[in-house]
Amino acid sequence: MKDANLFQLGIGLETGAQEEDTARGFTAANTDTVLPCDMLARDVLDEDRDDHFIRRDGAVFAGTHLIIEVVNGHGLDDEARIQQAFRDCVDTCGATLLHIHTHKFSPQGVSGVAVLAESHISVHTWPEIGYGAFDVFMCGDARPWLAVDVLKSAFGTTDVRVKELLRGEDVVTEAGIAA
């Protein structure tokens, strides 16, 4: 792998801090600081905190993770179509696209990920049977459930099966960090 590829992956950088971290005063040297659980819980429960945790109906969780199965889909071997479906999901859900990377397999199949400010969308396809396994994980104000209709339309099927996980559910409670 060339140095440019390693840099793109984040390998070989001087620190682990990213631009958004350093803008808020965090550096690689101080991100490992251990804080008391009550301080962490108070900060996470703060409604004004800009952390993208979701606060809904008394629950606090990191984000909504949808496991989406596209069944009897069409075009699941088309890398450009999958990339466009990622973009359409991002736009429709109100998320922020940072990067898309896909890989076309031979003789068929595509794997890919769209890295979002709000988390990610990923896929692995088996076009020979019309199946695509998508993950849509989003935090903050993004609306991941809107991706379901986007994927139905993008791959020409009405058979889309969804399971929802609330990531980080019960890790943070109104009383503090769960044991």
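Biologist: Where is Ser-106 found?
Modeller: Ser-106 sits in the loop between strand E4 (97-104) and E5, where strands (E, at least two residues) and helices (H or I, at least four) are DSSP runs numbered from the N terminus. This is a predicted model, in which local features need pLDDT of at least 70 and side-chain atom pairs count only at pLDDT 80 or more, while totals for chains, interfaces and linings use all residues. Residues are numbered from 1 along each chain as its sequence is written, and side-chain values use heavy atoms, with hydrogens and water left out.

Biologist: Is Ser-106 buried or exposed?
Modeller: Ser-106 is exposed, because its relative accessible area is 75%; the classes are buried under 20%, exposed over 50% and partly exposed in between, with a 1.4 Å probe and protein chains only.

Biologist: What joins Ser-106 and Pro-107?
Modeller: A cis peptide bond joins them, with omega about 15°, and Pro-107 also lies in the loop between E4 and E5. Most peptide bonds are trans. As for distant positions in sequence, the C-alpha atoms of Ser-106 and Asp-77 are 9.9 Å apart, although 29 residues separate the two along the chain.

Biologist: Other backbone oddities, then. What is the phi of Asn-72?
Modeller: Asn-72 has a positive phi of about 60° without being a glycine. Asn-72 is found in the loop between E3 and H4, and counts as partly exposed because its relative accessible area is 48%. Asp-170 likewise has a positive phi, near 70°, and is not a glycine; its place is the loop between strand E8 (159-167) and strand E9 (172-173). At 56% relative accessibility, Asp-170 counts as exposed. Most residues other than glycine have a negative phi.

Biologist: Let's switch to helices. At what angle do H4 and H5 pack?
Modeller: Helix H4 (residues 79-93) and helix H5 (residues 147-154) pack at about 150°, with their axes 9 Å apart. The axes are lines fitted to C-alpha atoms, for helices over the stretch in contact, and the angles run from 0 to 180 degrees between N-to-C directions. That makes H4 roughly antiparallel to H5, given that angles under 35 degrees count as roughly parallel, over 145 as roughly antiparallel, 65 to 115 as roughly perpendicular and the rest as oblique.

Biologist: And is the crossing left-handed or right-handed?
Modeller: H4 passes H5 in a right-handed crossing, the term for a near helix turned clockwise from the far one by less than a right angle, whereas anticlockwise would be left-handed.

Biologist: Which residues meet there?
Modeller: From H4, Arg-81, Ala-85, Asp-88, Cys-89, Thr-92 and Cys-93 meet Ala-147, Val-150, Leu-151 and Ala-154 of H5, with contact meaning heavy atoms within 4.5 Å. By class, this contact has 7 nonpolar, 1 polar and 2 charged residues; Ala, Val, Leu, Ile, Met, Phe, Trp, Tyr, Cys and Pro count as nonpolar, Asp, Glu, Lys and Arg as charged, and the others, Gly among them, as polar.

Biologist: Is Phe-86 buried or exposed?
Modeller: Phe-86, which is found in helix H4, is buried, because its relative accessible area is 0%. Leaving aside neighbours within four places in sequence, Phe-86 is in contact with Ile-100, Thr-102, Gly-112, Val-113, Ala-114, Ile-121, Ser-122, Val-123 and Phe-134. Gln-84, also in helix H4, is partly exposed at a relative accessible area of 38%.

Biologist: Which residues touch the most other members of the largest nonpolar core?
Modeller: Of its 28 residues, they are Ile-68, Phe-86, Ile-121, Phe-134, Met-138, Leu-151 and Phe-155. Such a core is a set of buried Ala, Val, Leu, Ile, Met, Phe, Trp, Tyr and Cys residues joined through side-chain atoms within 4.5 Å.

Biologist: And which elements give two or more residues to that core?
Modeller: They are strand E3 (63-71), H4, strand E5 (110-116), strand E6 (119-126), strand E7 (131-138) and H5, and the largest share, 6 residues, comes from H4.

Biologist: Last one: how many helices and strands are there in the protein chain?
Modeller: The protein chain has 5 helices and 10 strands, and buried residues make up 32% of its 179 residues.
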